Amino acid sequence: MLAPVPRARYGHDTQAVPDLPAREPARVDVRDPRTRAFGHFEPAQMDPGGQSQDLLAATASMRTALLVYSGITVKMMVDGDLGAVASTMFMVQYASDGIIGTHDHPFEETYLILEGVAEATLDGERYRLEPGDVAWAGTGCVHGFVNAGQGSLRWLETQAPQPPSRHSYRFTRDWDYLRAALEEKS
C-alpha cells in the first residue's frame, strides 16, 4: 500500500472525533475533511463567475462541483489513456495571477520549470524557481505554487505512481478549518 507519511505539524493527520450528542440530523459540512464521502450541491456552484480561489470560502478540491485552479491550465501528455501504468506527465501553465493553495498528495511529483518564475512552498520552505530548475515533492510533502513573474509560468510535471481516482489532493486549509472548528466546540 502507498500512502502519505503522516505530518507531525498537522497532528499526524489525526483528529479526535467527539462523542455525538443525540439530536436531529445536521447538514454535512463539506469543508470538513472527515466527510469526504459526503457532499452538497447547489446550482450556484456551477456559476463560473463565482469560481476563483479569491472568491471561494472552501478549498477548490476534487469534491467540489467545479474543480477550479485560478489561472492554471493543465495539458495531459502521458497518462493511463496512452497506456502509462506507473506515472503521468503533463504541462502546467499559470497565468500571471495563477496560484494553488498548499496541499499534498499520496504520490510524488517532479517539476521542470520551462518558462517564467515560480514561488514554490515545499514543506514550509520557500523557493524561487526559474527555467531549468527542478523541484521534487515527495509523498506527503505539503506544497503550493504562485506565479512570481510578470508573464506566464510553465513547467513539465511528472507524477508517480499515478494518482488515485479520488482523494488525490489534501488541501491544508481544509485541515486548518477542521482544527479551528474543533477548538471552537471544546
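This tour moves through a predicted model, from a helix to the strands beside it and on to a second group of strands.

**Helix α1.** Select residues 172–185, which form helix α1. At 1.5 Å a residue, its 14 residues should span 20 Å, and the end C-alpha atoms are 20 Å apart, in agreement with that expectation. Next, display the side chains of Thr 172, Asp 174, Trp 175, Leu 178 and Leu 182, the buried residues of α1. They lie on the same side of the helix, because they cover an arc of only 165° around the axis. Turn to the face directed away from this buried side to find Glu 183 and Glu 184, both exposed.

**What the helix packs against.** Add residues 99–104 (β3) and 170–171 (β10); the buried residues of α1 pack against these two strands. β3 and β10 are joined by two bridges in the antiparallel sense. Pick His 103 and then Phe 171 in β10, its bridge partner.

**The open sheet.** Extend the selection to the five strands of the open sheet, ordered β6-β5-β8-β3-β10 with antiparallel pairing. At its edges are β6 (125–129) and β10, each pairing on one side only.

**Strand β2 and its partners.** Move to residues 88–94, strand β2. Thr 88, Phe 90, Val 92 and Tyr 94 make up its covered face, whereas Met 89, Met 91 and Gln 93 make up the uncovered one. Add β1 (residues 72–78), which pairs with β2 antiparallel over six bridges, and β9 (residues 153–160), joined antiparallel to β2 by seven. Finish by centring on Gln 93: its bridge partners include Thr 73 and, in β9, Arg 154.

Technical notes. Residues numbered from 1 in each chain as written. Predicted model: local features only at pLDDT ≥ 70, side-chain atom pairs only at ≥ 80, totals over all residues. Heavy atoms only, no water. Helix = DSSP H or I, 4+ residues; strand = E, 2+ residues; numbered from the N terminus. Expected span 1.5 Å × (residues − 1). Buried < 20%, exposed > 50% of the residue type's maximum accessible area, 1.4 Å probe, protein only. Arc of directions from axis to C-beta. Contact = heavy atoms within 4.5 Å. Pairing = 2+ DSSP bridges.
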